[in-house]
Amino acid sequence: MLKLEIVTPEKKVFDADVDSVTVPTATGEAGILPNHAPLISALKPGVLSYSNKGTVERLAVAGGFVEVSNNQVSVLTDTAESPGEIDLAVAKTEREAAERELVSQSSAPLEDTEAIRERLESANTRIQLSSAK
């Protein structure tokens, strides 16, 4: 078993034992099972999933960090929302705003638009997860 703790600036979202965790890291998805090697990684916007006794739960996360050590998985993230907590209309509005901003910044260097692209990716993740309820 793994001890999973998910914390945002506002609250502790989750704190319980789970069988496995999958997190969206900056270098791709990382699957974490008991006795995983120690790890610290940046998170990118995406879907964090965890399983417990055959049940899989998913949360939309937006940036942050994950640390794995001694069967403890600590996730510090800007936001973590379950499908039921996501306001689909707000997510679509945020996606449209980010798309418009990207178009207006089309000639800007790639690194100057990274924050906009992360907002777009976060909105798309929230829409995808909300639609799969």
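# Strand pairs, buried residues and a pocket

Reader: What makes strand E7 (residues 55-61) and strand E10 (residues 80-81) a pair?

Author: E7 and E10 are joined in the antiparallel sense by 2 bridges, and two strands pair if DSSP finds at least two bridges between them, so the requirement is met. Within this pairing, the bridge partner of Val 61 is Ala 80 in E10. Strands are DSSP runs of E with at least two residues, and helices are runs of H or I with at least four, both numbered from the N terminus. The model is predicted, so local features need pLDDT of at least 70 and side-chain atom pairs count only at pLDDT 80 or more, whereas totals for chains, interfaces and linings use all residues. Residues are numbered from 1 along each chain as its sequence is written, and side-chain values use heavy atoms, with hydrogens and water left out.

Reader: How do you know that E6 pairs with E7, and which residue stands opposite Val 47?

Author: E6 and E7 share 7 bridges in the antiparallel sense, and Val 47 stands opposite Ala 60 in E7. The two strands form a hairpin with 2 residues between them, and Lys 53 in the turn has a positive phi of about 55°.

Reader: Is Ser 49 buried or exposed, and how do you know?

Author: Ser 49, found in strand E6 (residues 46-52), has a relative accessible area of 17%. Buried means under 20%, exposed over 50% and partly exposed in between, with a 1.4 Å probe and protein chains only, so Ser 49 is buried. Leaving aside neighbours within four places in sequence, Ser 49 is in contact (heavy atoms within 4.5 Å) with residues including Ser 20, Val 21 and Glu 57.

Reader: Why is the pair of Phe 14 and Tyr 50 called stacked, edge-to-face or tilted?

Author: The search of the whole structure finds 1 aromatic pair. The ring centres of Phe 14 and Tyr 50 lie 4.4 Å apart with their planes at 35°. Rings of Phe, Tyr and Trp (its six-membered ring) pair if their centres lie within 6.5 Å, planes under 30 degrees apart counting as stacked, over 60 as edge-to-face and the rest as tilted, so this pair is tilted. It links distant parts of the chain, with Phe 14 in strand E2 (residues 12-18) and Tyr 50 in strand E6, 36 residues apart. Both Phe 14 and Tyr 50 are buried.

Reader: What makes Ser 74 count as buried?

Author: Ser 74 lies in strand E9 and has a relative accessibility of 18%, so it counts as buried. Glu 67 stands opposite Ser 74, and 6 bridges join E8 to strand E9 (residues 72-77) in an antiparallel arrangement. Strand E8 (residues 64-69) has a covered face of Gly 64, Val 66 and Val 68, and an uncovered one of Phe 65, Glu 67 and Ser 69.

Reader: Why is the largest pocket called a pocket, and what is its volume?

Author: On a 1 Å grid over the protein atoms alone, a pocket is an open set of points with protein on both sides within 12 Å along at least five of seven lines, whereas a cavity is a set where a 1.4 Å probe fits but cannot get out. The largest pocket has a volume of about 170 Å³, a volume being the space filled by probe spheres set on the points, which are joined across faces, edges and corners. Its lining residues (an atom within 4 Å of a point) include Pro 45, Asp 78 and Arg 126, and helix H2 (114-131) gives the most, with 5 residues.
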